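The following exercises practise reading a protein model step by step. Please attempt each task before turning to its solution.

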Amino acid sequence: MKRRSWLAALMMSTAAATFSVPVLANDEAPDAMVKRVSTEVLSAIKADPAIQAGDVNRIMALVDAKIMPNVNFSRMTSSAVGRYWRQATPEQQKRLQDEFKTLLVRTYSGALGEVKDQTLSFRPMRSKPEDTEVVVRSEVRGMGDPIQLDYRLEKTSSGWKIYDLNVLGVWLVETYRTQFAQEISAKGVDGLIASLAQRNKSNAGSTAKAS
């Protein structure tokens with residue numbers, strides 16, 4: 001589970017750097033884009049003591065500045081919530097997105113400090129020019145056996161955007177969809193929001209004690 005947390009954190013940061021150059025995003029192939037910036041991301045993490053120390057404020061700022069404008073987080077959240085998303089009011093949807101983002105950042109913030117000498121190796125992408133959704137597959141090397149690390153991207157009017165992440169063969173959205181469905185079935189949408197808020201509050205307390 002520790003390796004999974006580290007990899008998910010790495011993917012979030014890779015997404016941040018991947019979409020920090022919007023001028024190229026519209027024309028560049030998704031696999032070329034991810035491959036081009038992966039080395040820069042690893043270098044940036046290694047060079048930032050605050051991220052390595054798990055500084056949540058620094059990581060939240062990174063997410064807001066680089067990830068949120070370019071990742072389809074609305075689709076990521078709605079997919080995780082599943083069929084209940086359509087039952088939620090606009091206000092509930094906004095709160096779900098906010099709490100889900102905070103949950104992801106706080107869950108994986110501490111894992112970023114484990115980045116050392118790892119490298120990424122990319123597999124050939126199987127896609128057609130007309131495809132609007134693709135999977136970019138890669139492996140992390142330097143932590144024993146190579147570890148699967150994949151991205152699901154969709155083509156939009158403003159370029160390719162990530163909407164799901166795969167760590168060790170498990171897709172992030174599917175993992176949370178099961179958890180969220182149980183929460184909503186028992187307590188409704190507001191119950192899920194309250195549960196996420198409580199988890200984020202607990203995670204924030206744990207982070208404060210650790211620092």
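A salt bridge is a side-chain nitrogen of Lys or Arg within 4 Å of a carboxyl oxygen of Asp or Glu. The model is predicted, so local features need pLDDT of at least 70 and side-chain atom pairs count only at pLDDT 80 or more, while totals for chains, interfaces and linings use all residues. Residues are numbered from 1 along each chain as its sequence is written, and side-chain values use heavy atoms, with hydrogens and water left out.

**Exercise 1. Describe the chain as a whole.**

Solution.

Step 1. Helices (H or I, at least four residues) and strands (E, at least two) are DSSP runs, numbered from the N terminus. The chain contains eight helices and five strands.

Step 2. Their order along the sequence is α-α-α-α-α-α-α-β-β-β-β-β-α.

Step 3. A residue is buried under 20% relative accessible area, exposed over 50%, and partly exposed in between (1.4 Å probe, protein chains only). Of the 211 residues, 45% count as buried.

Step 4. Accessible areas come from the Shrake-Rupley method with a 1.4 Å probe, and for residues only the protein chains shown count as cover. The chain exposes about 10700 Å², of which carbon and sulfur atoms supply 49%.

Step 5. Contact means heavy atoms within 4.5 Å. Among contacts between residues at least 6 apart in sequence, 62% join residues at least 24 apart.

**Exercise 2. Establish how strands β1 to β4 pair.**

Solution.

Step 1. Two strands pair if DSSP finds at least two bridges between them.

Step 2. Strand β1 (residues 119-122) pairs with strand β2 (residues 133-141) in the antiparallel sense, over four bridges. Within this pairing, Ser121 is opposite Glu139 of β2.

Step 3. On to the next pairing: β2 and strand β3 (residues 147-156) are antiparallel and share eight bridges. Glu139 has Gln148 of β3 as its bridge partner, and Val136 is opposite Tyr151 of β3.

Step 4. Strand β4 (residues 159-167) pairs with β3, again in the antiparallel sense, over eight bridges. Here Leu153 faces Ile162 of β4. These two strands, β3 and β4, form a hairpin with two residues between them.

**Exercise 3. Which residues touch the most other members of the largest nonpolar core, and which elements supply two or more residues to this core?**

Solution.

Step 1. A nonpolar core is a set of buried Ala, Val, Leu, Ile, Met, Phe, Trp, Tyr and Cys residues joined through side-chain atoms within 4.5 Å. In soluble globular proteins, nonpolar side chains tend to be buried together.

Step 2. The largest core has 33 residues, and those touching the most other members are Met76, Leu96, Phe100, Tyr151, Tyr176 and Phe180.

Step 3. Two or more residues come from each of α6 (73-81), α7 (90-108), β2, β3, β4 and α8 (172-210). The largest share, nine residues, belongs to α8.

Step 4. A separate core of five residues includes Ile51, Ile59, Met60 and Val105.

Step 5. Take Met76 as an example. Beyond its neighbours within four places in sequence, Met76 contacts Val71, Phe100, Leu104, Tyr163, Asp164, Leu172 and Val173.

Step 6. Helix α6 has Phe73, Met76, Thr77, Ser78, Ala80 and Val81 as buried residues. After α6 comes Gly82, whose phi is positive, near 75°.

**Exercise 4. Trace the salt bridges of Arg75 and of Glu139.**

Solution.

Step 1. The structure holds six salt bridges. One of them joins Arg75 to Glu133, with the closest N and O atoms 2.9 Å apart. Because Arg75 lies in helix α6 and Glu133 in strand β2, this pair ties together parts that are 58 residues apart in sequence.

Step 2. Arg75 also forms a salt bridge with Glu154 (2.8 Å, N to O). Glu154 belongs to strand β3 and Arg75 to helix α6, so this pair ties together parts 79 residues apart in sequence.

Step 3. Arg75, Glu133 and Glu154 are thus linked in a network of salt bridges. Arg75 is partly exposed at 24% relative accessibility, and Glu133 is partly exposed at 39%. Glu154, by contrast, is buried, with a relative accessible area of 11%.

Step 4. Arg123 and Glu139 meet in a salt bridge of 2.7 Å, N to O. The pair links the loop between β1 and β2, where Arg123 lies, with strand β2, which holds Glu139, 16 residues apart.

Step 5. Arg123 counts as partly exposed, at 39% relative accessibility, whereas Glu139 is buried, with a relative accessible area of 15%.
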